[in-house]
Amino acid sequence: MQGFRALLGTVMAALLLAPVAALAQVTVASPGPCPAPACASPIESSQLQNLSTLEDEIKAYYQNGSYDIELSGIEADAARYLDKRVAAGVKKPALVLDIDDTALSTVGYELKNDFGYDPKTWNAYAVSPGFPANAPILALAKHAQAEGIAVFFITGRRQPQAALTAKNLAAVGFTYAHLYLRPVSDKKPSVIPFKSSARALIEHGGYDVLETIGDQWSDLEGGYADRAYKLPNPMYFIP
């Protein structure tokens, strides 16, 4: 996630107000932080939302239970699909999860830092107090494992963060078959090639990736999953 994060301005407002479907199979390209032709067209101040107001709305979204309700609805649908596939006799099933704001919640850090990001403070927070689990996703992972589904993590975090990431996941109750972190040498402008290639490796290992779940469109695109679920995240955008 380092090097790519940015507040979305008016796009965050659109993400906040747009309903998130319980099931979101990826069939189209993800929206960018300022899609054409909007960025190239003249913009009037009346079209813009005040940043302080927008931040207050995002804080309320997380603090009044709205986010938890949406996340629980998505988890329930994802669990039903896993159950259906297991009942149908799928062989060597797998579930792929992103980490930040999917398996783990960075909301506490974001609110403390006014939706800003700094590598030093982020790493310090990751060590102590550590990021808490998103309870519905933890429940989904445990449900999947109880049905014989292998859980894999694919994260845009860089490989030097492997130890603190593994420690945080274990501390909140996650277990998994493998953890994929992005190499430091990967300088591509998008995380999509890394994440889709990691899913391809899982499938080449004989697994059927039933679902891939993440809070960014870039977590999901590139194929190698039967179904994709987009979790809500109005705080930042990762290409």
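Which side chain meets Asp-219 in a salt bridge? I looked this up in the model, which is a predicted one, and found that the partner is Lys-195, with 2.6 Å from N to O. The two residues belong to distant parts of the chain, since I find Asp-219 in the loop between strand 4 and strand 5 (227-230) and Lys-195 in helix 8, 24 residues apart. I then checked accessibility: Asp-219 has a relative value of 6% and Lys-195 one of 3%, and because buried means under 20%, I enter both as buried.

**Other salt bridges**

I count 8 salt bridges in the structure. One of them joins Asp-208 to Arg-85, where the closest N and O atoms are 3.1 Å apart. Asp-208 lies in strand 4 and Arg-85 in helix 3 (residues 66-87), so this pair ties together parts that are 123 residues apart in sequence. I note Arg-85 as buried, at a relative accessible area of 18%. Following the shared partners, I see that Arg-85, Asp-208 and Asp-226 are joined by salt bridges into one network.

I also looked up Arg-157, whose side chain meets that of Asp-100 in a salt bridge of 2.7 Å, N to O. Arg-157 is in strand 2, whereas Asp-100 is in the loop between strand 1 (93-97) and helix 4, so the pair ties together parts 57 residues apart in sequence. Both Arg-157 and Asp-100 are buried.

**Aromatic rings**

I find 9 aromatic pairs in the structure. Among them is Tyr-109 with Tyr-125, an edge-to-face pair at 5.6 Å centre to centre and 75° between the planes. Tyr-109 sits in helix 4 (residues 107-112) and Tyr-125 in helix 5 (residues 119-127), so the contact ties together parts 16 residues apart in sequence. I record Tyr-109 as buried at 1% relative accessibility, and Tyr-125 as buried at 15%. The two tyrosines also belong to one aromatic cluster with Trp-122 and Phe-131.

How are the rings of Phe-152 and Tyr-207 arranged? Their centres are 5.1 Å apart and their planes stand at 80°, so I enter this pair as edge-to-face. Phe-152 lies in strand 2 (residues 150-158) and Tyr-207 in the loop between helix 8 (192-204) and strand 4 (208-214), so the pair ties together parts that are 55 residues apart in sequence. Phe-152 is buried at 5% relative accessible area, whereas Tyr-207, at 25%, counts as partly exposed.

**Charges over rings**

Returning to Tyr-207, I see the charged end of Lys-92 over its ring, 4.5 Å from the centre. I note a further case at Tyr-81, where the charged end of Arg-227 sits over the ring, 3.9 Å from its centre.

How values were computed. Residues numbered from 1 in each chain as written. Predicted model: local features only at pLDDT ≥ 70, side-chain atom pairs only at ≥ 80, totals over all residues. Heavy atoms only, no water. Phe/Tyr/Trp six-rings, centres within 6.5 Å; stacked < 30°, edge-to-face > 60°. Helix = DSSP H or I, 4+ residues; strand = E, 2+ residues; numbered from the N terminus. Buried < 20%, exposed > 50% of the residue type's maximum accessible area, 1.4 Å probe, protein only. Lys NZ or Arg CZ within 6 Å of the ring centre and 35° of its normal. Salt bridge = Lys/Arg side-chain N within 4 Å of Asp/Glu carboxyl O.
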